[in-house]
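Please look over the backbone geometry and one of the pockets in this entry. My notes follow the structure.

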Amino acid sequence: MCGIVGRLNFDINHGVEEASVRRMADKIIHRGPDADGYYVKKNVGLGHRRLAIIDLSPAGKNPMFDKEKTIVLVFNGEIYNFQSLRKELEKKGYVFQSNTDTEVVIYLWKEYGKNCLKYLRGMFAFALWDDSKKVLFMARDRLGKKPLKYYLGDDFIIFASELKAFIDEP
């Protein structure tokens, strides 16, 4: 079990405060006591609480980025078929920096966009920010085994693995 949190302000001039993302992640620390990680850039903030299971090295830490640092992902769950997906992506020229299922999701997004979900078998919830396209893409497994809660305000969206992460967030 890991925990993910995040916020996207629709107005690019209304920045996300890292302290806010950290507070959200701290409220679900029990989901990932092994490590935490944050990404904040302008109007986007992502946070992660890690329970290290696959690739215990620092290379498995979230948020995770593509090689060009234009795509960032926070991930909770497990992709059962990630090794076969990785082999197919390597044949297409993608180079991996870790041994995680998380990184496979990043390169599936680069290759297939939102259709990447067709390839995933497992239990998962994730949020991916594509900075080059200015797109936030969130998904969870078909059965909802891994939670992904969100609140859509007039000028922002917040999300997390648990609702309690939203408490006291404007």
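**Notes on backbone outliers and a pocket**

1. This is a predicted model. The points below should be read with that in mind.

2. Start with the peptide bond from Asn62 to Pro63. It is cis, with omega near -5 degrees. Most peptide bonds are trans. Pro63 sits in the loop between β3 (44-50) and β4 (64-65).

3. Next, Lys42. This residue is not a glycine, yet its phi is positive, about 55 degrees. Most residues other than glycine have a negative phi. Lys42 belongs to the loop between β2 (35-41) and β3. Is Lys42 buried or exposed? The relative accessible area of Lys42 is 55%, so it is exposed, the cut-off being over 50%.

4. Lys69 also calls for a check. Its phi is positive, about 65 degrees, and Lys69 is not a glycine. The loop between β4 and β5 (71-79) holds Lys69. With a relative accessibility of 58%, Lys69 counts as exposed.

5. Now the second largest pocket. Its volume is about 180 Å³. Which residues come closest to its centre? They are Met64, Phe65, Asp66, Lys69 and Gln97, out of 13 that line the pocket. Lys69, with its positive phi, is thus among the residues closest to the centre of this pocket.

6. Which elements each supply at least two residues of that lining? β4 and α3 (101-112) do. By class, the lining of the second largest pocket has 6 nonpolar, 5 charged and 2 polar residues.

Technical notes: Residues numbered from 1 in each chain as written. Predicted model: local features only at pLDDT ≥ 70, side-chain atom pairs only at ≥ 80, totals over all residues. Heavy atoms only, no water. Helix = DSSP H or I, 4+ residues; strand = E, 2+ residues; numbered from the N terminus. Buried < 20%, exposed > 50% of the residue type's maximum accessible area, 1.4 Å probe, protein only. 1 Å grid on protein atoms, 1.4 Å probe; cavity = no way out; pocket = protein on both sides within 12 Å on 5 of 7 lines; lining within 4 Å. Points joined across faces, edges and corners; volume = space filled by probe spheres on them. Nonpolar A, V, L, I, M, F, W, Y, C, P; charged D, E, K, R; others polar.
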